[in-house]
Amino acid sequence: MLKVTINGVRAEFDGGLTILDAAKSVGIDIPTLCHDERLDPVGACRLCLVHINGRSREAVSCTTILADGMEIETHSEPIVTSRQWNLRMLAKTYPVDSFESFPDKPFHKIAKDHGLTSTDFAGRNGEAIDRSHTYIDVDMSRCVNCYACVRICADVQGQFVWHVVGRGEDSRIVPDSFGKFGESTCVSCGACSDACPTGALEDKSVLERGLPTEWTKTTCPYCGTGCEMSVGTHDDRIVQVKPVMDAPVNSGHLCIKGRYAFDFVDARDRVTEPMIRENGDWRTVSWDEAIEFTAGRLKQLMADNGAESIGVLGSARATNEENYLAQKFTRVVLGTNNVDCCARVCHTPSAAAMKMMIGTGAMTNSFDDIERARTIILCGANPSENHPIPGARIKQAVMKHGTKLIVVDPRLTELARVADVHLQLRPGTNILMFNALAYAIIDEGLADEDFISRRVDEYEKFKEFVSEYSPEAVAERCGVDAELIRKAARIYAIDTPSMAMHGLGMTEHLQGTEGVMTIVNLALLTGNIGKPGAGVNPLRGQNNVQGSAHMGCDPGILTGSITLESGQELFENVWKRTIPLAAGLNQLEMIDAARDGKLKALWTIGYDVFFSNANTHETEKAFANMELVIIQDFFMNETAKRFGHVFFPAVTSFEKDGTFMNGERRIQRIRSAVTPRGNARSDLEIICDLAAAMGFAEDFAFDSAEQVWNEIREVWPQGYGITYDRIESSGIQWPCPDLDHHGTEFLHAESFSSGVTAALRRIKYRPTKEVVTDEFPFLLTTGRVLEQFNAGTMTMRTPNAEIRPTDRLMISLSDALRLEINDGESVRLRSAYGEAVLPTEISPKVKVGELFASFHDPRVFLNYATGPTRDRFTKAPEYKVTAVTVEKLAE
């Protein structure tokens with residue numbers, strides 16, 4: 001410990017602290033303008049100067065490291081006078097109106113604290129304020145050249161939008177468009193607005209709606225990263241969202257969706273009253289009538305057709321507690337295992353593959369391992385757009401710290417541009433590629449023989465099997481040079497620890513589950529599992545998709561991802577009810593059963609199934625056959641519009657309490673920031689009310705989310721140690737079996753969940769039937785884009801829709817020229833299954849003969865063109881490969 005005196009008070013400090021940090025820790029506030037906890041200190045503003053006895057010059061406290069015996073004065077008369085002089089110099093050209101109108105801005109507070117008044121400010125607000133950006137206003141008359149915006153854009157987001165031009169007093173800050181900010185490459189993360197101490201960069205929502213008067217800490221409702229955020233409200237309306245600075249996942253950073261896409265809460269078409277459809281028209285009813293009607297219909301259908309004629313779909317947008325209740329309702333009230341969630345169409349193949357091989361179907365490691373890894377292999381994922389905070393962390397690890405990056409993706413994504421190796425494989429050839437990587441590792445003597453001897457089974461059989469998949473043998477079919485495959489294998493095996501991260505480009509295939517198994521094979525071969533900076537890590541797509549399945553919204557598992565048989569005794573003891581053991585239907589099987597007239601009713605919670613499923617025509621037939629479709633959502637989604645019979649209006653995550661489980665197994669709190677709109681209710685309340693109406697009130701007698709969570713802890717031993725009190729300030733990663741356990745950052749250190757050893761899987765390549773022909777000469781891949789989210793239920797009702805108003809078809813320049821298609825021109829995309837019309841985007845990101853399109857806009861309804869192929873194990877649709885043609889529209 002260092003013994004240091006600050007302002008006459010002697011104290012002890014840990015080594016390595018700056019003077020600024022040390023002073024702050026003992027309650028002494030040294031003013032700064034350029035300092036930000038997310039950035040390395042630079043001392044540009046000179047306001048944090050302090051005097052150190054024995055030194056002739058003042059020291060910059062944010063960059064000076066504490067030393068033993070230092071005697072420091074932070075507010076001596078000369079120091080304060082120097083700060084006042086600096087502040088008055090800045091005030092000379094600073095607008096007085098801004099100083100008076102926004103007293104809480106850091107610069108304004110510091111100036112006032114140092115005795116400056118309105119008379120010290122002689123500038124005027126800029127006559128040409130730049131309002132071209134969707135979310136941020138720019139008024140450079142308020143810029144004090146602290147350069148925080150320049151640095152945070154470069155060092156946190158890695159976007160390099162803001163630049164300093166000119167020298168000395170003539171220097172100024174401009175966007176990379178060198179014109180309007182709205183025409184720059186900004187991705188709207190809001191970091192520059194956060195970091196700005198003056199309001200030169202300011203959120204429009206604050207200027208239009210007023211400053212927040214209350215702040216609520218909660219978790220983002222978008223992707224599975226689980227970023228924590230502070231929600232600012234004014235008059236019960238969200239006016240601003242900011243990142244939580246000490247959040248373990250996002251460390252003071254957010255993306256465009258988490259930061260700005262919150263206006264869906266008060267969208268004009270928000271449904272806030274229960275409704276029943278009669279004679280084709282929706283009629284607003286009371287909650288009592290809606291619940292009684294639904295309970296009566298369900299009872300009648302059960303009596304007429306049996307419990308197996310009804311299905312329930314939980315929601316990735318709902319909390320852990322609500323998904324737990326959804327599956328409990330299905331099993332206890334209805335008496336069936338016909339329960340599932342949207343994980344079925346995205347990462348169920350990941351969970352299945354990893355559970356079969358290593359015992360646990362979840363990320364083996366944590367997002368913090370991005371910075372611990374020496375190599376990252378990114379497989380079928382585009383985190384820059386779909387998981388922007390991990391994406392930014394990967395980008396910074398590569399660009400700032402020299403982490404090696406391998407990208408396996410048919411498209412030239414942002415991260416592929418900075419990768420050491422980009423394996424730009426042909427869609428549908430994942431198995432060939434990863435078997436070839438495994439072959440190269442073994443062939444070049446790079447396998448971890450020690451790890452294999454202790455932790456891996458069937459190595460010799462695998463070696464023999466994979467001998468057919470040399471890089472040279474598969475290169476032509478994959479469309480990737482064999483030497484490039486070998487180079488990637490060397491990097492992954494040598495520059496360890498190596499971390500594998502994968503997305504839906506691995507799972508949404510005929511061999512999606514098996515594709516994930518081939519990633520696990522690589523980790524086992526090289527010992528890149530069971531340690532920091534390594535592992536196999538699915539990037540989960542929605543805020544609580546990990547939690548919804550883990551809570552038991554899956555026909556084959558109970559809460560905690562245990563089988564029905566193995567959990568039967570525990571669950572029956574806690575529930576005091578017999579649980580059904582007969583096999584249930586997953587979501588795709590429910591659709592098939594409805595098409596065949598066997599499934600009569602479906603309760604879909606926060607899930608637009610009709611719009612989301614591939615091969616829409618078949619889903620359409622299924623819903624048309626159902627006798628009761630219960631919709632529980634914020635809006636009249638496409639399923640509700642076409643097929644709904646009952647509508648239960650649900651509150652958003654900003655209007656309720658509970659927990660989410662992020663992709664790295666972290667349980668985190670969500671908290672109500674605004675009151676429920678209209679008569680909307682939480683999913684928890686709706687499920688309990690319907691259960692009570694069906695005669696199971698005592699089984700669902702919960703008054704709070706915490707009560708439900710405590711029952712979850714009773715049936716889930718690995719989560720028992722996670723309580724609301726323990727996660728009040730920060731989330732905990734399961735396994736956490738007791739109250740003294742701190743959670744688990746990485747799994748499988750000494751053994752796998754299924755045993756000490758794991759067997760390598762011999763995965764034979766089975767090509768999809770989706771291949772190019774004369775009639776269908778292109779391969780289409782579908783996915784998300786940065787500005788929009790899944791079915792567009794939330795983001796399409798925010799200003800994000802101004803930035804990305806509809807889906808676009810990405811096509812190569814060569815193909816566009818050949819077809820005489822202009823950029824932005826609407827075309828018909830046609831497959832053997834259907835068609836969609838959407839505008840084109842000519843792009844170098846896709847290869848000749850390959851296309852990419854997003855699926856967010858119901859006006860496009862892209863899934864009318866996707867096909868019926870499903871994963872062989874889990875039935876997840878093959879969204880990633882469809883043979884199509886592109887046709888010009890008739891004039």
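This section describes the salt bridges and nonpolar cores of a predicted model.

A search of the whole structure identified 61 salt bridges. One of these joins D266 to R677, with a separation of 2.7 Å between the closest N and O atoms. The two partners belong to distant parts of the chain, being 411 residues apart. D266 is located in the loop that runs between α8 (256–260) and β13 (275–278), and R677 occupies the loop between β29 (666–670) and α29 (683–693). The two side chains also fall into separate accessibility classes: R677 has a relative accessible area of 11% and is therefore buried, the limit for that class being under 20%, whereas D266, at 37%, is partly exposed.

A further salt bridge connects strands. The side chains of R830 and E887 meet with an N to O distance of 2.8 Å. R830 is part of strand β34 (residues 826–831) and E887 is part of strand β37 (residues 882–888), so this pair ties together parts of the chain that are 57 residues apart in sequence. Both partners are classed as partly exposed, with relative accessible areas of 23% for R830 and 24% for E887.

The salt bridge between R595 and D596 has an N to O distance of 3.2 Å. Here R595 is partly exposed at 33% relative accessibility, and D596 is likewise partly exposed at 46%. Salt bridges also occur as a network, in which the acidic residues D443, E444, E472 and E483 are linked with R486 and R490.

Attention now turns to the nonpolar cores. The largest of them consists of 93 residues. Within this core, the residues with the most contacts are L325, F329, W603, F623, F648 and F700. Helix α10 (residues 320–334) supplies the largest share of the core, contributing 7 residues. The surroundings of F623 can be described individually: when residues up to four places away in sequence are not counted, F623 touches I591, L602, V609, F610, V629, T639 and F643. A second core, separate from the one just described, contains 58 residues. Among its members are L423, A438, A758 and I763.

Taken together, the model contains salt bridges between loops, as for D266 and R677, and between strands, as for R830 and E887, along with two separate nonpolar cores of 93 and 58 residues.

Technical notes
Residues are numbered from 1 along each chain as its sequence is written. This is a predicted model: local features need pLDDT of at least 70, side-chain atom pairs count only at pLDDT 80 or more; totals for chains, interfaces and linings use all residues. Side-chain values use heavy atoms; hydrogens and water are left out. A salt bridge is a side-chain nitrogen of Lys or Arg within 4 Å of a carboxyl oxygen of Asp or Glu. Helices (H or I, at least four residues) and strands (E, at least two) are DSSP runs, numbered from the N terminus. Buried means under 20% relative accessible area, exposed over 50%, partly exposed in between (1.4 Å probe, protein chains only). A nonpolar core is a set of buried Ala, Val, Leu, Ile, Met, Phe, Trp, Tyr and Cys residues joined through side-chain atoms within 4.5 Å. Contact means heavy atoms within 4.5 Å.
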